[in-house]
Amino acid sequence: MPKRKDLKKILIIGSGPIIIGQAAEFDFSGSQASWSLREEGYRTIIVNSNPATIQTDERTADIVYIEPLNIDTLTKIIKKERPDGLLPGFGGQVALNLSYQLAHQGILAKYSVELLGSTYETIEMAENRQAFSHLIEAVHEPSPKSFVCQNLNEVSQAVERISYPVLVRPAYTLGGTGSGIAKSWQDLQEIASAGLRQSPIKQILIEENLLGWKEFEYEVMRDGDDNCITICSMENINPMGVHTGESAVVAPAQTLTDQENQKLRSISLKIIRALKICGGCNIQFAVNRSKWEYRIIEVNPRVSRSSALASKATGYPIARVSAKIAVGMTLDEIPNAVTKKTSAAFEPTLDYVVIKIPRWPFDKFPTVDRRITTQMKSTGEAMAIGSTIEESLQKALRALEIDQYGFEQEAIIEHKLIRELQEPTDRLLFCIAEALRRGYSINKVSELTKIDKFFIRKIARIVAFEKRLKKECLDEQLLMQAKRLGYSDQIIAGLTNQTADEIRSMRISHHIRPGFNMVDTCAGEFEAITPYFYSTYYTAPRKRPKRKNEKRILIVGSGPIRIGQGIEFDYCCVHAALTLKEAGFEAIMINSNPETVSTDFDVSTRLYFEPLTLEDVLNVLETENCNKIILQFGGQTSINLALPLAKLGESDRQRISILGTQPDDIHRAEDRKLFSYLLRTLRIKHPAFGTGHTYEDVKTVTEQVGYPVIVRPSYVLGGRAMEIVYEPEGLKQYIESAARVSKEHPVLVDKYIADAVEVDVDALCDGRDVYVAGVMEHIEQAGVHSGDSYCVMPPYTLTPRTINRIKSITRKLAFALNTKGFINIQFAIKNGSIFVLEANPRASRTIPYVSKTIGLPLATLATQIIIGKKLESLLKEKQHALPKTRFVSIKGPTFPFLKLPGVDPILGPEMKSTGEIMAIDRSFGAAYYKAILSDNKFSKRGTVYMTVRDGDKPKVIQLAKDFISFGFSIVATRGTAEFLRNHGIQLKIVYRISEHKSPNALDLMRQEKIHLIINTPTLTYRAKRDGYAMRRLAIELNIPFITALSSARAEIEAIRFAKSASLTTRPLHEYRR
Amino acid sequence: MSTAFLILEDGTLIKAKHAGVEKDVFGEIVFNTSMSGYEEAFTDPSYSGQILLMTYPLIGNYGIRKKNFESSKVQIRGLILKEPDFSAYRGMHLDKFLDLSAVSCLYNIDTRTLTLKIRKHGTMKAMIVARPSKIDYKALLQRIKQMPHPDTENLVSHVSCTRKIIHGRGPGRFVLIDCGVKRSILKQLIKYGTVIQLPFDTDIKTIDRLKPDGIVVSNGPGNPAHEAIMSTTAKTVEKLIDKYPIFGICLGHQILGLVLGFKTYKLTFGHRGSNHAVKHLRSQKIHITSQNHGYALRAKKNLDAEVTWVNVNDGTIEGIRHLNRPVFSVQFHPEAAPGPRDTEFLFREFSELAICQSAKI
């Protein structure tokens, strides 16, 4: 069937901000879908609240809306744009749920918008657990025994029909939020009530427990002609009981015979046919291998995290093909992106092994429960390709960027080790290796972990080789064997008492270099032209290296998504690659994250799927015969390579030129002493700081600088890096629990400028001119990490004079650091004084947000500067100063607290957010209203609970009055209440738990009698601990929660707007008109 | 574990590790791209005369079990692997199996580079030199060049049964002309009736006496246009066309094609794998199939037959049917094993057709 002519305009819903369970994969799928449809002549509209996406670029879609993702907004957009079709399956669960609601509420029918790819019935069947069970029954296949429950009564009835332990799953939640395993009625009550609350349709599922079964996934596709193919089979290393997003995954399936594999494949095709999906679909199986039993546990009628992984693992562009199928094309009509000659109707076959390992954010949260379960906690993932399990596994480990280059020793006492094996955490793989190292048998480890012996045996092989490396003389043969087992130079060096550099020299002298194979989807059977490669020591390196090409540049990506290094950097890398290609360069991309747009092989001239360690980057430079490298777009990952690469450049072995700002200058900005010296010479103010090598030292320095201070260790223990300390006790606690202070590992102390306004600036510099692209004023006070703050463009309280001074300091600093490309500077402003907190001569987190606000592709401009173009000519046609904005653009964070039990949701200098949204409108109130809506937390009326520290009390009088004038009622803890009453404000008193009186604040929250909380905690160590229970409860009950008075004031503006007007929805380009 | 060599007729010499029985073997080197199903592949009679290279690097992961065999013994002459797994905890270990079944296997070979070479040059004569005291490269190369290609032998005669074998006892009666049949074909047919397996050179009289409802011409190794096949199987099939419904599979399809006036030719490197998309021309439906063949049919005009299936990728003929008789064949393997089972329905269609036809008579 040829593509449909009756469709012209197609709406694609994005997935919103990056959160746990929904990362960059949906930017990848949405962007592919849009490109794929435009290529066929359709017009696309993309709606997403996440500015750090390629899909919301105006070069990706015809019309872009950066608006909150909710029914109201989407209805307005549909009404205005009148699309013919809606693609529900490319924005994860968020888009699927919204599309389902739009259909359910008759909005799609009203405006004659057709659901493309998945119909309403399909979504219903796949997502409603009961309908799903019926469907699976109808095709005569087994699904887990399960019962839908709407209340605890039904739960108790259900559990009589299955035995403990049982699995609890809330319906329609993301990444398994709220699910858990209950071993007793008591457990069950707790998990079930939480689940019922969290499910948007107040429905949970009580299921048969399949703990310890193996888990397999199949990615399948179907077109409108009922042609079905399988793209990839995947095997989870972790057994059932661990969410597939939390599991290490291998592709293709390794331990299934052909009979078993074909059985599961046939069932997958049967299911996609029964669901009548047009496009991609993911089917998950639980398999009990001791007696060959299986259950179909989940079907995702959309592209997913797994399909992104399958696309990168096989080279088959699932999202791209799915989009074309959704508009009526059949598989044989869709060109094959790999061979460019044949069609998309074939099944990829691999001649390599792919392994994905999740990346967890636990380094940021020392108090979090690290166990990996049915609920996702990881923020991202790294993927590696190699010839064998061993090679891929060790590559994947170093691709995680957790400062480990393979199976390093795990310092853990015996009984804890056993517990790790039984109740896995993020350290599981390392603990398996450690157990084997300590002599545990493969059987024993497999028994404890319930992981297939096949995988344990592979780890055992790696561990066993350690002994040989330690004992035997490292000769050419042994080294080659080690490399084939995936050992990094670094680990070999450690085991043989040498340096990584020495190992590297030895490798080079023995010609032990990796070969690079193409990911061609067909195991070499056909001639393919995919510019997509992976390294392996099983293939000999190319004999004649490519001819040196002066116009070849390597871009180092940003690796797995983690807190502090999100999709923004991938966005910049994609722009860099596209810009280089347009300027006639060969853009070589190296990255290890399978979710991203940058690892779409269409983006760069050639893509290398490799870990981002020095060793792996050098291998790519060598094989490409390339000596130019761009490091300023990949976040900390790439910038950290600057000094080592520069050092290598000094030895004449390899002349590598780092394009853009030079390593020395980067160092001058990063090293506190050098930077402070620089600021002093430029007469720029900065907070006082000092360094301490002992506790006494730190105390003295702190007293000199004066409390409060921001402390950070140079050596991190247990992950707690930065903190604001208000009094001596806090300092003592910090040093004891978080930082090991010693001569080698000093603690840095900075004066914390309390109650200052923080400002972020992004600028471009070509050495001759500086272009200040964005001056962003934070709503939260300085001291809250800039990634966790709401920020506003243009600044909403700063005077023009202050802004000018900020710009002039930016210029001075950019020139002083010899910046070529990006520079980001953070300022604190207090009582008219401007302090520079830090300067980063690289792409910042806010680049996509600023780009979208001002309508200039900053990453593109930065790339052009790096390759020698001048700002003057680049900006000639555009205005040189900040554009005159008649609108307000706000960037807001999203937090993972709900998914991470045990974490205090209080904000501080350590970043905690996973993603961001952007909201744009004509006024501050409207924009902030949109920003809050994007996070789904807004009440126009109800009760505000106030509990503020003494110093803030005078400042809340006006706030309280405003809330009352909007019809809110107020409750407050005694201190706050008495103060407010004295100022004529009527309110009720609530008690803290410690007061043992009723009404207690937590009870009111549980009874849903509190709709907004304003809590400015006293930040002493003890007080912080007291407020924890309340904050945690607010998170779990999803009660809006404000910790800064400036945010409360912004909230007032939003309520004022919401009370008087309704939001308008405009495409991005209209705001700038 | 000892050092051994692989030498190809184009002069390529590769050093590798050796497993299995230490014997020198000569054959045609071919590659298979299936990611699972090595048990089935090793025992598939169509590989007779061939040294098999598996492109999937890890082989032996799930051990070896007899129940997954496609014939009573190992059929490949030699095996080329990247990273065998000799200690699977299910089934028999691969190395033990190689020993017991007297297969000479080379491993730790960069199979990808070798596959690319075969893709470019086409399948080649090759030799595994298992235990060289020293290697005389020139002499070996000379020897390989002089050795006749395995296809010049009547390979079918090595793998066909030598006497009548009866399977099952269902309502239908099918004669299976065994050119090297895979067990899975038998298993499929038995679902619908009694299967009488006959040697490849059985004459028409013997078949007539059995009063079959339909005839299946099986898969098998080698060149379909081999003189020994043309003078036996092909002759018989020619006479069968007017009498019985016929279903040809793989080599059986090629023989039927030759009988109906098509020509056969050798593909550069053949189709061997589990991911080949074919299109049924009448319904325009696509199916993923398992394939294992080195020869293909070339279309001709004005025949009594038409092309019914084509390969989506290279357009080669994947199926034909007689214009007026219930006679058809497919190049791919509807019985799968290894591979997808998307086209299993062909056995049902054939048996229904055959039983219907004979009811009419």
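Student: Let's start where the chains meet in this predicted model. How many residues of chain A are in contact with how many of chain B?
Tutor: Take the two sides in turn. Chain B brings 37 residues to the contact, and on the chain A side the count is 39.

Student: Which helix of chain A gives the largest share of the side that touches chain B?
Tutor: Two helices of chain A, helix 9 (258–275) and helix 16 (453–471), each supply at least two residues of that side. By class, the chain A side that touches chain B has 14 nonpolar, 16 polar and nine charged residues. The largest share is six residues, and they come from helix 9 of chain A.

Student: Okay, on to the seven-stranded open sheet in chain A. Which strands stand at its edges?
Tutor: Read the strand order, 17-18-21-20-19-22-23, with mixed pairing. The twist from one strand to the next averages 30 degrees. An edge strand has a single partner strand, so one side of it is left without a neighbour in the sheet, and that fits strand 17 (515–518) and strand 23 (657–659) of chain A.

Student: In what sense do strands 20 and 21 of chain A pair?
Tutor: Strands of a sheet pair through backbone hydrogen bonds, either parallel or antiparallel. One bridge here links A:Ile588 with its partner A:Arg606 in strand 21 of chain A. Strand 20 (residues 586–591) and strand 21 (residues 606–609) of chain A share four bridges, and the sense is parallel.

Student: Now helices 5 and 6 of chain A. How do they lie, roughly parallel or roughly perpendicular?
Tutor: Two packed helices are described by the angle between their axes and the distance between the axes. For helix 5 (residues 120–127) and helix 6 (residues 129–138) of chain A, the axes are 5 Å apart and the angle is about 95 degrees. That angle makes helix 5 of chain A, relative to helix 6 of chain A, roughly perpendicular.

Student: Which residues of helix 6 of chain A meet helix 5 of chain A?
Tutor: By class, this contact has five nonpolar, no polar and one charged residues. From helix 5 of chain A come A:Glu124, A:Met125 and A:Ala126. Their counterparts in helix 6 of chain A are A:Ala131, A:Phe132 and A:Leu135.

Student: How many residues of helix 11 of chain A are buried?
Tutor: The buried ones include A:Arg320 and A:Lys324, along with A:Ile318 and A:Val321. They pack against several elements of chain A, among them helix 1 (25–39), strand 10 (214–222) and helix 10 (305–314). For helix 11 (residues 318–326) of chain A, the count is nine of nine.

Student: And which residue just after helix 11 of chain A takes a positive phi?
Tutor: Look at the stretch just after the end of helix 11 of chain A. Phi there is about 100 degrees, and the residue is A:Gly328.

Student: I spotted a cis peptide bond before A:Pro708. Where does A:Pro708 lie?
Tutor: The bond runs from A:Tyr707 to A:Pro708, with omega near -10 degrees. On either side of A:Pro708 are helix 26 (695–705) and strand 25 (709–713) of chain A, and A:Pro708 lies in the loop between them.

Student: Which residue does a cis peptide bond join to A:Met793?
Tutor: Omega of this bond is about -10 degrees. The partner is found in the loop between strand 30 (791–793) and helix 28 (800–816) of chain A. The residue joined to A:Met793 is A:Pro794.

Student: A:Asn1038 has a positive phi without being a glycine. Is A:Asn1038 buried or exposed?
Tutor: Phi of A:Asn1038 is near 60 degrees, and the residue lies in the loop between helix 36 (1021–1037) and strand 39 (1041–1042) of chain A. The cut-off for the outer class is 12 or fewer other C-beta atoms within 10 Å. A:Asn1038 has 12 such neighbours, so the residue counts as exposed.

Student: What about B:Ala337, buried or exposed?
Tutor: B:Ala337 also has a positive phi, about 50 degrees. This residue is in the loop between strand 18 (327–330) and helix 11 (345–360) of chain B. With 25 other C-beta atoms within 10 Å, B:Ala337 is buried.

Student: Last one: how far apart are the centres of the two domains of chain B?
Tutor: Chain B is divided into domain 1 (2–152) and domain 2 (155–360). They touch through 25 residues of domain 1 and 25 of domain 2 of chain B. Taken over C-alpha atoms, the separation of their centres is 28 Å.

Definitions and conventions: Residues are numbered from 1 along each chain as its sequence is written. Chains are lettered from A and ligands numbered from 1 in the order in which they are written. This is a predicted model: local features need pLDDT of at least 70, side-chain atom pairs count only at pLDDT 80 or more; totals for chains, interfaces and linings use all residues. Two residues are in contact if their C-beta atoms, placed from the backbone, lie within 7 Å. Ala, Val, Leu, Ile, Met, Phe, Trp, Tyr, Cys and Pro count as nonpolar, Asp, Glu, Lys and Arg as charged, and the others, Gly among them, as polar. Two strands pair if DSSP finds at least two bridges between them. Axes are lines fitted to C-alpha atoms, for helices over the stretch in contact, and angles run from 0 to 180 degrees between N-to-C directions. Domain bounds come from an automatic or database domain assignment. Angles under 35 degrees count as roughly parallel, over 145 as roughly antiparallel, 65 to 115 as roughly perpendicular and the rest as oblique. A residue is buried if 20 or more other C-beta atoms lie within 10 Å of its own, exposed if 12 or fewer, and partly exposed in between; C-beta atoms are placed from the backbone.
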